[in-house]
Amino acid sequence: MRTLSTLPFLAALAFQAVATAQTPNNLVGLTRTTPLVYQRDHTACAILPPCTPAGFPPAPATPYAGGTAWDPIRNAVVISNGFLIAEVDPNTCAYVCPPAPAPTGSPNAMVTGLEFVESLNQIWMLDSFGFLYQMQYACPPVVLNACNTGLPLTATNATGGLAVDEVNRLVFYSYTDWTTNVNVIHIATMALPCQTIQIVTPASCTTALPFRGITGLAVDACRSILYMTDGVQTIGWRYNVLPGPVVAFGPQTCCTLPMPAADPMIGLAVRSGRET
C-alpha cells in the first residue's frame, strides 16, 4: 500500500477544497509572435481579456519553443519564449520577475514546457534536448536537479509540453513528430520524473480540424483533467488513476477559437483560483 507524505497529503486536501469552491479554471498560454498572455474559458469556449508583457521578445518559428506555467502562490504566470523566462501578472502583464536567460544545460537547447509545483515552490522546465529541470523558485529560478527523459531532439521530433498532477504525484510530457503531427504523451511519477511508466496517444476531437503538434500541456489535478493545445485548439481529457499507478483516460472536451492575429499559443497552464 502506497501512502502519501504529509506535504502531498495536505496539498491534495487544499486542491480538493479549491475544486469544491471554484467553477472550472481558465486556461492561459503565451502566444508566439506578439506575444500575448492569452486566456480562455475552455468549458464555455470563450476568449478572456489578454495582456502584453512589455518588451518580451517573440519566440522563434520553431513550433516546440516556449512554455507557460501558473504560479498559484503569487497568482502570476511564468512564461518562456524558448530562451528567456519571466513571470507576469495575468491581468496587467506587469513583471513579477523580469526576463532572464532560461537556465538550460546547453545554449542550443530551448524551453519546450513549464510547470509550477506548488507543494515544493518549484518551477519545472522541459527542454528541446529532452532534459527535465527542477528549479527552486527565485528571480531567476535556480536549478536543483536535472534528468534526461530519453526523448531527444531529432530532425523530426521534439518535446512540446509539461504538466504535473500534484494530487496523484504524476508527471506528463509530450513528444511530437512535427512533420506528421503525431503526438505521444509520456507519464512518469514525481519521484522519478524521467522514468516513463506509461505512454498514451491523444486523439483529435474532430476529423474536420485535425489536432496538430502539442505546444502545451496543463493539468487540473482536482478534477483529473489533462489539457493540451496545438496552439489553437484546446482539448480536455478526463482520466482516472488506478493502482500501479495506471492512468485510464476517458471522455474529451474540445474548444476551437480563432487566435488573435492568428498567433498560436506556445504553452498552456490552468489558472486556478478564479471563476470562469
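1. Two strands count as paired here if DSSP finds at least two bridges between them. With that in hand, and remembering that this is a predicted model, look at the open sheet made by four strands in the order 16-17-18-19, with antiparallel pairing. Strand 16 (216-220) and strand 19 (246-256) sit at the edges with a single partner strand each, so one side of each has no neighbour in the sheet. On average, neighbouring strands of this sheet are turned by 25 degrees against each other, direction ignored.

2. Inside that sheet, have a look at strand 17 (residues 225-229) and strand 18 (residues 233-242): five bridges hold the antiparallel pair. If you want a register check, Y227 stands opposite G236 in strand 18.

3. Next, strand 8 (residues 111-117). Is it buried or exposed? Seven of its seven residues are buried, so strand 8 is largely enclosed by the rest of the structure. The cut-off behind "buried" is under 20% relative accessible area.

4. Strand 8 also has a partner: six bridges join it to strand 9 (residues 122-127), and the two run antiparallel. One register point is V111, whose bridge partner in strand 9 is D127. The hairpin of these two strands has four residues between them, and N121 takes a positive phi near 50 degrees there.

5. On to empty space. How many cavities of 30 Å³ or more does the structure hold? There is one, and the largest cavity has about 60 Å³ of space. Its lining is V78, I85, A86, E87, C97, P98, I123, Y137, A138, P140 and P141.

6. Which strand gives the largest share of that lining? Strand 6 does, with three residues. Strand 6 (84-88) and strand 7 (95-101) each supply at least two lining residues. By class, the lining of the largest cavity has 10 nonpolar residues, no polar ones and one charged; E87 is among the lining residues, and Glu counts as charged.

7. Last, a polar side chain to click on: S80, in strand 5 (residues 76-80). At 0% relative accessibility, S80 counts as buried. What does its side chain reach at 3.0 Å? That would be the backbone nitrogen of G82. A polar atom of the S80 side chain also lies 2.8 Å from the backbone oxygen of L84.

Methods:
Residues are numbered from 1 along each chain as its sequence is written. This is a predicted model: local features need pLDDT of at least 70, side-chain atom pairs count only at pLDDT 80 or more; totals for chains, interfaces and linings use all residues. Side-chain values use heavy atoms; hydrogens and water are left out. Axes are lines fitted to C-alpha atoms, for helices over the stretch in contact, and angles run from 0 to 180 degrees between N-to-C directions. On a 1 Å grid over the protein atoms alone, a cavity is a set of points where a 1.4 Å probe fits but cannot get out, and a pocket is an open set with protein on both sides within 12 Å along at least five of seven lines; lining residues have an atom within 4 Å of a point. Grid points are joined across faces, edges and corners, and a volume is the space filled by probe spheres set on the points. Buried means under 20% relative accessible area, exposed over 50%, partly exposed in between (1.4 Å probe, protein chains only). A polar contact is a pair of N or O atoms within 3.5 Å; within protein, one must be able to donate a hydrogen and the other to accept it, and residues adjacent in sequence count only if both atoms are side-chain atoms.
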